[in-house]
Amino acid sequence: MLGRSKLVLGDKSFKDITEDICAPLETLPGKPWLMMFGAAKTTLLFYFGVLFYIAYTGMGTMGVSHPIMWGTDIVTFVFWVGIGHAGTLISAILFLFRQKWRTGIARAAEAMTVFAVMTAGIFPLMHTGRPWLAFWLFPYPNQRGPLWVNFRSPLLWDVFAVSTYATVSIVFWYVGLIPDFATVRDRAKNTLRKNIYGALSMGWRGTNRNWRHYEMVYLLLAGLSTPLVLSVHTIVSFDFAVANLPGWHTTIFPPYFIAGAIFSGFAMVVTLMTLVRIGFPQIKDYITLDHLEVMNKIIMTTGMMVGYAYGSEFFIAWYSGVEFEKFAFVNRAFGPMGWSYWIMVSCNVISPQVFWFKKFRRSIPVMFVVSIIVNIGMWFERFVITMSLHRDFLPANWAVFHFKFADVGVLVGSFGMFFTLFLLFLRAFPMVSMSEVKPCLEVGRDGGGHHE
Amino acid sequence: MKDMQNNNEKKYWKSIDQLENEARFNEMAEAEFQTSPLKSEDGNDGLARRDFLKLMGASVAMSATACVRRPAQKIVPYAKRPEDLVVGKPNFYASVLADELSGAGLIVRTREGRPIKLEPNPANPASPKGISTRMQAHCISLYDPERLKQPKRWITEENFHDRKWNLLTWEKIDDEVIGLLEKENVTLITNNYSSPSRKALIDDFMAAFKGSKSFVWNPLVDSAESSAQERSYGKEVNVRPLFEKAKYIVSVGADFLGEDPRAHEYATAYAKTRNPDGEMSRLIAFEGMLSLTGMNADDRIRVKPSQFIDVLMGLAHEIVVAQGNGTVNSTTKAKLVEFADVAEKLHIDADLFSEIAKDLWKNRGQSLVLTGGTYAGVENAEDLYVAANFLNTVLGNDGKTIDYAKNNYTTINAKQSDLEAFLAELDAKKNKVLIVENLNLVYYGGETVKKAIRDFQDAGGTFIYMGFYQDETGDMADILLPIDHSLEAWGDAEFHKGVYGIQQPTIRPLHNSRSLEQSFLNWAYALQAGSKRLQGSETYYDYVRSYWKSDILKNSKNGQAFEDFWFELLQKGVYGELAENVNLPVRSFKQSALASISSGKAEGMELSLYTKAGIGDGKYANIAWLQEFPDPVSKVTWDNYATFSKATADKMGIKEGTIVTLDVEGQKVEVPAYIQVGQHDSVIGLALGYGRTKGGRVANGVGVDAYPLIKRVDGKPVFAGRKVVAAKTEKFSPLANTQGHNTMMGRQIIVEATLDSYKKDKSAGIHKHKFLESAWGKHEYKGYRWGMAVDLNSCFGCGSCVVACQAENNIPVVGKKYVLEGREMHWMRIDRYYSGDMNNPDSHVMPVMCQHCENAPCETVCPVLATVHDDEGTNSMVYNRCVGTRYCSNNCPYKVRRFNWFALTKGDRPEDTPREAYNPRVTVRSRGVMEKCTFCIQRIHDVKDTAKNENRTVRDGEIKVACEEGCPSGAITFGNMNDPESRVSKLFESQRTYKLLEEYLAVPSVRYQTKIRNAKRENTDHHGEGSH
Amino acid sequence: MSKYVSGVVGFIEDDHKLLAAAKKTYAAGYREFDTISPFPIHGMDAAMGLGRSAIPWVTFFAGLTGCSFGLWFTWWTSAVDYPVNVGGKPFMSLPAFIPILFELTILFGALSSVGAMFILNGLPKVKPPVIDPDLTCSKFALFIPETETGYNPEKAESHLKSIGATDIRRVAEF
């Protein structure tokens, strides 16, 4: 897509690349980072407090109630899992498509994936009535004598999908990190550092006999992660689609959820990358405006996909002729909780339209704001879907969802967790994959590099 | 005896002693009867007391386990367990509950000697099916931690505000009282009661102290009825409407299905006439507020209380004058002519009005005109009754559908005006001792009573309160004496003339309490005063026995020896027959009685004070079950409220929860508003029984006290028709309403058809769906397969099942705060919908509990198999396994699952059920666990075990689930769907049967029968036709 | 875990030259030699006469194992060991189990491929000898180990010189 434009700006040598990328690991953090980290860490501690409060007092401390038995926890879970998808998409799918431009952002995006999935993982655990027993969801042999789990339950599929996804993403990420760890190790001055990164690098030495298997595994992991990432959000969408609740029980959910996931994920990548570029100016040469522009295009495209999904949902509801379905969707937009629907639409469908203009696609402030709006919208998308519960079959049960302190607490707190991890990552790990960027050095230079 | 044991199936006919040791029983009982009063009260005498103990083996063991007073004497170790007591097996005792205004025969279910639930006594000819909400509450009140536990005497002289109390022993109390009684006479006032022995005892006692005077009073007694009888027929008698014989019922403000003390009895009878395949009765309700009766009426017409008289006289005019039926003298005719234009005056559809009159005449002898109760408690309530009597006489119903043969209800022996008499007596200060027993006089009577008592005390009188709580009245007393709970004491009751029940204690008194009867016996004995019978009885048990021997058995033809009789009585719990099929001549109506009747002067808004099915007169306000019981009509819990019609509310800009000020001739109350569709536009309703100040931690501060709004015209209370001015305030207080939305949105939820369309098509109104083949094969259910049929046609929505279920299944109470958040826990709810014109809609009710679907959607989605099917088709909930993902609830189309959002069973909140009251057969659920209706699985297992031991299969109807048992009208039927002969299978075959949300193919095991309305209107969701 | 060997290493300016050098070295009959670079170089496998990695087979069979294990496990737990009637569905509700099978396939496949890679690469190595720290940063080198058939340091050095190595060292162990 951006064949001739340079992937790495400012005629760098291999050495320069190493220097640039290792700098954050080898220098002391500056004020901005420390301030952000301080804020994030505080939020994280607050988060732990809220979680403890909920676990200690009971789920009733949150807005969930009869008949709306799922609320902020599940909404935010789906939100974070969705965020995760962009990372895998960039590192795996674009890798399979041999999109060289991915190399600059792949590492950070994968990190985002891992942390997002970790953040998400807390919610299904915490939303249960008895979190201390949540391990019962895993099928392990036990003395309660024959007693297993219910493999028919989408929640159990979730357990498998999310845990597999987390495992594979972490492995994928780590395998990608090995050569860079080796680089850091070999640059290390003091022994402690040498030992730590030495251990992390597993004694990698970059001989071609190793590169040979390494590249193959990387390809395979990419190949495996691609269906995996698609399956994960498909299965998350099954949590809703498999239920018979009007507004949940729709076949469009898997593709719709995946589009939404990519949408929100890329928005989050843009948010983070713009910040990273501010925090670490030297990275501007690796994560270039071109990168960001491409991602903005994807954001707009997926934004329109979800927009299409919103529309088709209504059409199918009407076309199905099922009175409950019809009502569910009319109620979604014009019922007592319609406000959330309109927030969703304006954030997800309308706001990305600014990216029709190259000027905006390439403007850091614009894309930063839009990316945040999009993520707000995507949170509300999941909220709107979950809230189908508030008016279902028997009108006697109808109710409206009320946010309580704990709802806001877990939502805000989860960001604390995510950013703490991400900020640590920026300082501890090479945030751009050196061994992947270096081969692309010539891309876009005169002669266009060489490819066999 | 033996064959009697064989030919009855129910194990629980076992009485308090095994049949085997009948001999020992007799001799012991004999011995007891002869115990000399010379033996001291403290129990050292032994024999009588010890036998009495044996007699109550179960209870004794109980008192050993639950530590009560004087354990040294009473402990019976389980090593030598009393016969009858098998740990883990319930024992059943026949007893009665003589409520203030009604009585019922009961079976008391006890576990390890602990009464845990009341169940109806089928052997009782007079008592209704089912158990009312308040009866369940009565059982749990036994364990109320705030009961009065000790005799007390207050010591600080001056101010009433902070009074210091001395805990005293009964001996000390007795000394003091006896000392008083030597010199002084007694003024006694008690609540209504229906116990003949008690009456005899009180009379004996009063006779013993010349100049003593006893009164009986209750705030809700409707004494206008009997006085109207006298005015109409010359003889004061309280009559009994025979619903089972009435084909055409017109109720003018009489809520015989809801607030009437005997609503259960009437509902049982009325339900019999609602069979659409037989000759179905037709019910017309004229009323101001929306009552349960109005909700179930075939046609409902809105009239404000002050104009009820016009309705009755108007109908009389239609029948007698306009349609020229019946014969009346000219003066009467003239009087009736005054009411010629009632229809247009009251904006009633004239055709309908005259049609009603026609139908009444068509059904003469089989129709029934009713009025009375608080809704009709207007100033001229007596006129209403007279007019109704007139109609019933004209229509020849008198003697056919109205049994005037005798005083049917001996419970009603109070006159409202007795309060005045009592106050006068008090004022005269002849007697220096005032005893108030089991009657919260100060709360009911308000300031007047308070002042009277205060004056009495200032004049040196001693005020003794024998009560259950240290309530508003108790707080004023000089001497506070705790009385026994009816499950703790002997007693009896006369439900109907000639139908008696015996009240067996099922547990030793938990606290240091003593009944009025026992106290009187002790005092009389100590003073050597009163009749032989009075002094001759050591305990009230002796007294009851001697009374029955001498008085009740006397006039019975029963030849058997007293001890046989007594033993059989204890077994059955009841004695005597209800006179059936009375066919009495029509009494001559004194037409002069009509002379004083004049048309109601209706101006402005009218107040209508009423009582709710849950709280009633407020006696049980401290029982959280009742506070959280959703009102059958409004579905609101934990509050009383001023009800406004929709139109009025809109006009005044009032929303649900807006606080309004009601100004009733100077008295003001501030109370949140509730918008009650179907209410008359110029009526404001307000429930009595709330706003307790010393009712207990649960009762205090819930709602506002409406008793001060009752006006007393020469002693007669005016509940309805008083002029009220409502003013909107800016304040707001949300009402804990358990129902989200009130219309069915045109969905097939409650299917209803008119009788005519039903006659044409048995499955009228039911929309059948076509289904594709299921991808899965079905699971087979060999053996039993449990199912439940709910006949919406005989369900009146009273909600007794809800509390019965709560009592059986240890369902926690969450409190107003959490009901507001929608966290109530009832496994069973009664959905109430309106359809048609919102000014006077049709109301529809439907009990919804877990439907135990064959393809249960909840099961599929539970990740840990915490809810699965058992091989008898019930959807079981495995509490221990539940981690609380709540997915099951999300996937339940009926949303019948309840989640333990908090730990609600720790017993650390006032609302919590006392631990002793829990049913040991049912798990108490922990926090974070999902729960729901289990089809009373524990009962199923109990019966199956019994059947297994007798190696037979379970008989149809042998298993009674709690809701079925609580239902007065037999709307709920539980049984084995696999047995083609079972009632359930039969009902499922009926074409009226449909499945809720059938199209979702969950295939519920709970199925409903359509409601049939005997009305002219066509389909149920008719818009704009509702009003008449 | 492969023993460390001694040998001769020659440093070469950049990746293109290294590729050429490797071709020459292979042509010169060397088979055991290896190249060291900070990033994988396209075509190097061919240049060194190395075939395709065998790991895909591992992935395939591991994935197959995962899938069939999932199938067996869901069947055994739901239909054999603990058969309960759940929502009226058959004990073996295969369609509902497919997501499980799928996830297990991926999990087994991914983990064993990575495992295989570690084994084949003899990783992890504890503090392996490093010829030059810049080899993981900017430098490229070609290494001829002693295990080479008919290994002779002098010949190796001269060969390296011939293919344009800038700096040639003898390494005690690598």
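What share of the 452 residues in chain A is buried? Buried residues make up 66% of them. The model is predicted. Chain A is in contact with chain C and with chain B. This briefing takes the fold of chain A, then each interface, then some local backbone features.

**Chain A: overall build**

- Chain A has 15 helices and zero strands.
- Its radius of gyration is 23 Å, close to the 22 Å that the globule rule gives for 452 residues, so chain A is as compact as a globular protein of that length.
- Along the principal axes, the C-alpha atoms of chain A fill a box of roughly 70 × 60 × 40 Å.
- Contacts in chain A often span long stretches of sequence: of those between residues at least 6 apart, 81% join residues at least 24 apart.

**Interface of chain C and chain A**

- Chain C brings 69 residues to this contact, and chain A brings 54 residues.
- About 5700 Å² is buried between the two chains. Carbon and sulfur atoms give 67% of that area.
- On the chain C side, the residues that lose the most area to chain A are C:Pro40, C:Glu103 and C:Thr136. Together they account for 11% of what that side buries.
- The rule finds two salt bridges across this interface.
- In one salt bridge, the side chain of A:Lys15 meets that of C:Asp134, with an N to O distance of 3.2 Å.
- Polar contacts between chain C and chain A number 27 residue pairs, with both residues at pLDDT 80 or more.
- Five elements of chain C each supply at least two residues of the side that touches chain A: α1 (15-27), β2 (34-36), α2 (44-47), α3 (55-81) and α4 (94-120).
- Of these, α4(C) gives the most, with 17 residues.
- By class, the side of chain C that touches chain A has 41 nonpolar, 16 polar and 12 charged residues.

**Interface of chain B and chain A**

- Here 54 residues of chain B touch 55 residues of chain A.
- The two chains bury about 4400 Å² between them. Of this, 55% is on carbon and sulfur atoms.
- B:Arg747, B:Tyr887 and B:Arg927 lose the most area to chain A within chain B. Their combined part is 17% of what that side buries.
- Two salt bridges are counted between chain B and chain A.
- In one salt bridge, the side chains of B:Lys895 and A:Asp392 meet at 3.0 Å, N to O.
- There are 37 residue pairs in polar contact between chain B and chain A, both residues being at pLDDT 80 or more.
- Elements of chain B that each supply at least two residues of the side touching chain A are β33 (829-835), α29 (857-861), α30 (887-890) and β37 (898-899).
- The largest share of that side comes from α29(B), with four residues.
- The class count for the side of chain B that touches chain A is 25 nonpolar, 16 polar and 13 charged residues.

**Cis peptide bonds**

- In chain A, the peptide bond from A:His66 to A:Pro67 is cis, with omega near 0°.
- A:Pro67 sits in the loop between α2 (31-57) and α3 (72-96) of chain A.
- In chain C, a cis peptide bond joins C:Leu123 and C:Pro124, with omega about -5°.
- C:Pro124 is placed in the loop between α4 and β3 (140-145) of chain C. The helix α4(C) is also the element that gives the most to the side of chain C that touches chain A.

**Positive phi in chain B**

- B:Asn810 is a residue other than glycine with a positive phi, near 50°.
- The loop that holds B:Asn810 runs between α27 (800-808) and α28 (816-820) of chain B.
- B:Asn810 has a relative accessible area of 3%, so it counts as buried, the cut-off being under 20%.
- B:Leu1001 is not a glycine either, and its phi is positive at about 55°.
- B:Leu1001 lies in the loop between β40 (993-994) and β41 (1006-1009) of chain B.
- At a relative accessible area of 33%, B:Leu1001 is partly exposed.

Conventions: Residues are numbered from 1 along each chain as its sequence is written. Chains are lettered from A and ligands numbered from 1 in the order in which they are written. Side-chain values use heavy atoms; hydrogens and water are left out. Contact means heavy atoms within 4.5 Å. Buried area is the accessible area (1.4 Å probe) that two parts lose on being put together, summed over both. A salt bridge is a side-chain nitrogen of Lys or Arg within 4 Å of a carboxyl oxygen of Asp or Glu. A polar contact is a pair of N or O atoms within 3.5 Å; within protein, one must be able to donate a hydrogen and the other to accept it, and residues adjacent in sequence count only if both atoms are side-chain atoms. Ala, Val, Leu, Ile, Met, Phe, Trp, Tyr, Cys and Pro count as nonpolar, Asp, Glu, Lys and Arg as charged, and the others, Gly among them, as polar. The radius of gyration is taken over C-alpha atoms; the globule rule is 2.2 Å times the number of residues to the power 0.38. Buried means under 20% relative accessible area, exposed over 50%, partly exposed in between (1.4 Å probe, protein chains only).
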